Amino acid sequence: MSERSVSITFAGCLRGVRYCLPVLPGTVAFGAVFGTVCAQKGLTFAETLLINSFVFAGASQFVAMEVYQAQLTQGVILAMIGVTAAVNMRLLLIGASLRPWLGGVPSYQTYPSLFFLTDINWLIALREYDKGERDWGIFLGSGVFIWIVWSCAVIPGYWAGSAVADPAKWGLDVILPAYFVALLVPLWKGKRQTVSWLAAGAVALITWFLVGGYWAILTGAMSGAVVGAFADE
Amino acid sequence: MSEPVLAADWLFVVAVLGMTAVTYAMRAGGYWIMGRVPLTPRIRRALEALPGAIIVSTVLPIALKGGVPALLALAVSAGVMAVLRKDIVAVVCAVAAAALSRAYGL
């Protein structure tokens, strides 16, 4: 069905950049807030740039900074790495779902590009694949662009400190979840999705009530995938 | 504030490198595993179902944690998207809905 060959062009990368625009205000706002958090926690400017551009996974950076202490011990370092792993577990599934899309691309190209994997460029790549897009520049271009924006966004936040207002007041915190929901709508094709999503939602909520945190994404998504694989026979 | 701007605690650098390594392992790991599992029709269907399931499982806790403004914003996003099929319009309306409902103290 989807056996058209996958290629990459510069025009594709640029299209990827353009598709990021709806979520840009959210990315900038949260990058800036992260810079402020780092300044408040007493990180140097270099340390702030380092953690932000290397880890490049928003939610996990915030949680790790909650754990951070100025007097770093082995325990604190391990805890920072541990919470980062827990929060970013969903990237395993997100990456797995890209296999049909990028599987034909040589690994020396895909593995470096996977450093730029985020929810945002995953959503964009996925939506376009669904529409028949086979230029994986969409994925790479949007990923690199978000990385650059994210890397720069901490700078004003770090120096301006509390000048960055509460993003929630302006509704900026709902940009990413709202974008998620907007992209969910065209993914619905019929009964198979309904059943799979109900399973995902139910398991996610139960997990969230019982365990909390980010485990809900993992258990919910796996359940939805299994139900989706077996539904509609 | 005597510390120079470009200084970095080497233990902090170790922590960051560790965080970067585990995060990259997650980014590449799922993709790598799926390259070693035969892509049977069943696995393919599971992978096809995965994105929607991830989105549902990510958004539901956010919606419940965020209270009325978040629920309203996400409902607006879904509604606008279903009618207009324009993601940017859906996001803008959702942000406006969240900001307005918070301004009115919901």
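**Exercise 1. Find where helix 2 of chain B bends, and by how much.**

Solution. The model is predicted.
- Step 1: the bend in helix 2 of chain B is at B:L50 and is about 35°.
- Step 2: look for a proline. B:P51 follows within four residues.
- Step 3: go past the end of the helix. Helix 2 of chain B is followed by B:G67, whose phi is positive, near 70°.

**Exercise 2. Check the span of helix 2 of chain B against its residue count.**

Solution.
- Step 1: helix 2 of chain B covers residues 41-65, which is 25 residues.
- Step 2: the expected span is 1.5 Å times one less than the number of residues. For this helix that gives 36 Å.
- Step 3: the end C-alpha atoms are 37 Å apart, so the span agrees with the expectation.

**Exercise 3. Identify the residues that touch the most other members of the largest nonpolar core.**

Solution.
- Step 1: this core has 110 residues.
- Step 2: the residues with the most contacts to other members are A:A178, A:Y179, B:L50, B:A73 and B:A94.
- Step 3: in chain A, the core draws at least three residues from domain 1 (10-187) and at least three from domain 2 (188-233).
- Step 4: take B:A73. Leaving out residues up to four places away in sequence, B:A73 touches A:G171, A:V174 and A:A178, along with B:A94, B:A97 and B:A98.

**Exercise 4. Describe the fold composition and compactness of chain A.**

Solution.
- Step 1: chain A has 13 helices and zero strands.
- Step 2: the radius of gyration of chain A is 19 Å, and the globule rule gives 17 Å for 233 residues. The two are close, so chain A is as compact as a globular protein of that length.
- Step 3: the C-alpha trace of chain A spans about 55 × 45 × 35 Å along its principal axes.
- Step 4: buried residues account for 51% of chain A.
- Step 5: take contacts in chain A between residues at least 6 apart in sequence. Of these, 77% join residues at least 24 apart.

**Exercise 5. Name the helix of chain A that gives the most to the side touching chain B.**

Solution.
- Step 1: the contact takes 70 residues from chain A and 64 residues from chain B.
- Step 2: several helices of chain A each supply at least two residues, among them helix 3 (45-55), helix 5 (74-88) and helix 12 (191-210).
- Step 3: helix 11 of chain A gives the most, with eleven residues.

**Exercise 6. Locate the contact between the two domains of chain A.**

Solution.
- Step 1: the assignment gives domain 1 (10-187) and domain 2 (188-233).
- Step 2: their C-alpha centres lie 24 Å apart.
- Step 3: seven residues of domain 1 of chain A are in contact with seven of domain 2 of chain A.
- Step 4: on the domain 1 side, helix 5, helix 6 and helix 11 of chain A give two or more residues each.

Note on methods
Residues are numbered from 1 along each chain as its sequence is written. Chains are lettered from A and ligands numbered from 1 in the order in which they are written. This is a predicted model: local features need pLDDT of at least 70, side-chain atom pairs count only at pLDDT 80 or more; totals for chains, interfaces and linings use all residues. The bend at a residue is the angle between axes fitted to the seven residues ending there and the seven starting there. A nonpolar core is a set of buried Ala, Val, Leu, Ile, Met, Phe, Trp, Tyr and Cys residues joined through C-beta atoms within 7 Å. A residue is buried if 20 or more other C-beta atoms lie within 10 Å of its own, exposed if 12 or fewer, and partly exposed in between; C-beta atoms are placed from the backbone. Domain bounds come from an automatic or database domain assignment. The radius of gyration is taken over C-alpha atoms; the globule rule is 2.2 Å times the number of residues to the power 0.38.
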